[in-house]
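Hi everyone, thanks for coming. I'd like to walk you through one model today, starting at the ligand and working outwards.

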Amino acid sequence: MKTNLFGLPQQSLEALVSRLDMPRYRVDQIMRWLYRHHVTAIEQMTNLPQADRRALEQITEIRVRPPQQSLTSSDKTRKYTFETDATDLVETALIPEGKRMTLCLSSQVGCRVGCRFCATGAMRLRGNLSPAEILNQYRSVPERDQITNIVYMGMGEPLDNLNAVVDSVELLTSEHGYGLGNRRITLSTVGKPEPLARFLERCDVRLAVSLHTPFQEQRRELLPGTRGYDLDQLLRILRDRARQDARRVSFEYVMLKDVNDSLEHADATARLLAGMQTRINLIPFHPWQGNDMLPTPAARIEEFRARLEQRGLIATVRASRGMDIEAACGLLATKRPPIAPVVVHG
Ligand code: SAH
Ligand code: SF4
């Protein structure tokens with residue numbers, strides 16, 4: 001397969017242009033064609049000399065893909081399915097909410113963290129997405145130009161695919177990429193300390209940390225992929241971050257009936273996050289077939305929320321969107337790769 005020019009990190013593009021003996025300003029020209037004019041073929045880069053276009057075509061191509069399928073929920077949430085280079089499938093959710101239009105990107109096919117309540121986790125990990133496959137979910141949705149916010153909250157644990165995620169964030173935010181504001185992008189993660197620290201060094205976007213319980217042992221049970229990690233170490237990194245700018249860190253907490261929704265949990269959560277001036281988003285659990293966990297009733301969620309607020313935290317309840325098309329948090333799961341085309345020999 002030829003190198004994909006779309007989604008190629010700027011540094012790699014610079015190296016390529018220099019290897020082909022082209023002037024440095026070709027990089028800016030190519031990026032403008034890709035991310036401002038959304039061209040689908042090198043031939044369309046009309047301010048590049050023919051010879052340069054031919055040289056690029058020898059070794060590169062532009063691989064962008066339209067969605068294979070789209071579903072619309074009764075609440076107007078949409079779910080798009082894209083094919084990957086490995087002919088697997090990945091899902092993207094688009095959530096209109098008043099003046100906002102949020103796109104929920106996937107970073108992996110499946111996930112190896114294996115959270116007990118998550119349908120993506122139940123798939124296990126089938127593959128990492130490349131920067132191009134992550135970006136294509138933005139590039140190729142029909143509503144692209146209306147999108148106001150991007151969240152890395154779809155399939156996968158973004159920090160388990162750190163380099164591709166960082167490259168995609170850079171192309172979304174850089175001047176020669178899509179030029180989106182850092183504050184419009186949120187990365188959601190279980191927060192493994194070591195890759196998190198590396199991510200924070202390289203990207204300055206908002207962070208949503210999936211906490212789900214204040215108790216280390218229970219967290220290891222519910223989020224098996226965090227077994228080797230220490231909650232205190234994670235909180236230390238986040239406190240440092242929150243000191244720099246409190247608005248950039250928030251927490252997520254899926255409400256599981258009789259598992260993590262007691263007032264003791266609320267009190268311990270408030271203690272854990274004390275002094276951080278952060279926000280915690282309570283997510284109603286979305287049940288799915290094959291999983292026997294139950295959602296906390298709405299009245300109990302409200303009680304939990306009020307208790308957190310009494311203890312000094314800002315707590316909100318996230319509206320469930322796209323339930324009927326399985327586009328809601330934790331329900332994204334692609335069942336099987338598309339059937340390969342039948343090749344008839346002779
Ligand atoms: N891997 C990252 C991002 C993708 S999951 C993370 O875990 O943060 C995005 C959010 O959906 C997480 O907060 C996750 O806990 C939540 N989630 C997973 N399964 C869910 C379910 N069945 N119902 C509600 N929320 C769920
Ligand atoms: Fe992976 Fe996030 Fe699902 Fe956990 S909740 S299995 S980390 S996608």
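Which residue has a polar backbone atom 2.8 Å from a nitrogen atom of ligand 1? That residue is Phe117. Before I go on, please keep in mind that this is a predicted model.

Let's stay with the ligand for a moment. A nitrogen atom of ligand 1 also sits 2.9 Å from a polar backbone atom of Gly156. With Ser188, the side chain takes part: one of its N or O atoms is 2.7 Å from an oxygen atom of ligand 1. How much of ligand 1 does the protein cover? On its own, ligand 1 has 530 Å² of accessible area, and the protein covers 96% of that.

Which elements give two or more residues to the shell around the ligand? They are three strands: β10, at 185-189, β12, at 249-255, and β13, at 279-284. In total there are 20 residues around ligand 1, and those that come nearest are Phe117, Ser188, Ser210, His212 and His286. By character, the shell divides into 10 nonpolar residues, eight polar ones and two charged ones.

Now let's follow the chain on from β10. Lys192 lies in the loop that links β10 to α7, the helix at 193-202. Is this lysine buried or exposed? Lys192 counts as buried, because its relative accessibility is 5%, and the cut-off for buried is under 20%. As for its company, leaving aside residues up to four places away in sequence, Lys192 touches Val113, Leu159, Asp160, Gly225 and Tyr229.

In helix α7 itself we find Arg202. This arginine counts as partly exposed, at 40% relative accessibility. With the sequence neighbours up to four places away set aside again, its contacts are Asn163, Val166, Asp167 and Glu170. If you'd like a sense of distance, try Arg202 and Gly110: they are 92 residues apart in sequence, and their C-alpha atoms are 25 Å apart in space.

On to the cysteines. How many disulfides are there? The count comes to zero. Take Cys203: the nearest cysteine sulfur belongs to Cys104 and is 18 Å away, so Cys203 is in no disulfide, given that a pair of sulfur atoms has to be within 2.5 Å. Both cysteines are buried, Cys104 with a relative accessible area of 8% and Cys203 with 4%.

Last topic: backbone angles. Most residues other than glycine have a negative phi, so positive values invite a second look. Lys76 is not a glycine, yet its phi is positive, at about 80°. You'll find Lys76 in the loop between β3, at 69-72, and β4, at 78-83. Its relative accessibility is 56%, and therefore Lys76 counts as exposed.

Where is Asp258, another residue with a positive phi? Asp258 is in the loop between β12 and α10, the helix at 263-272, and its phi is near 60°. Asp258 is exposed too, with a relative accessible area of 55%. You may recall β12 from earlier, as one of the strands that give two or more residues to the shell around ligand 1.

That's my tour. I'm happy to go back to any part of it on the screen.

Note on methods
Residues are numbered from 1 along each chain as its sequence is written. Chains are lettered from A and ligands numbered from 1 in the order in which they are written. This is a predicted model: local features need pLDDT of at least 70, side-chain atom pairs count only at pLDDT 80 or more; totals for chains, interfaces and linings use all residues. Side-chain values use heavy atoms; hydrogens and water are left out. A residue is near a molecule or strand if one of its heavy atoms lies within 4 Å of it. A polar contact is a pair of N or O atoms within 3.5 Å; within protein, one must be able to donate a hydrogen and the other to accept it, and residues adjacent in sequence count only if both atoms are side-chain atoms. Accessible areas come from the Shrake-Rupley method with a 1.4 Å probe; for residues, only the protein chains shown count as cover. Helices (H or I, at least four residues) and strands (E, at least two) are DSSP runs, numbered from the N terminus. Ala, Val, Leu, Ile, Met, Phe, Trp, Tyr, Cys and Pro count as nonpolar, Asp, Glu, Lys and Arg as charged, and the others, Gly among them, as polar. Buried means under 20% relative accessible area, exposed over 50%, partly exposed in between (1.4 Å probe, protein chains only). Contact means heavy atoms within 4.5 Å.
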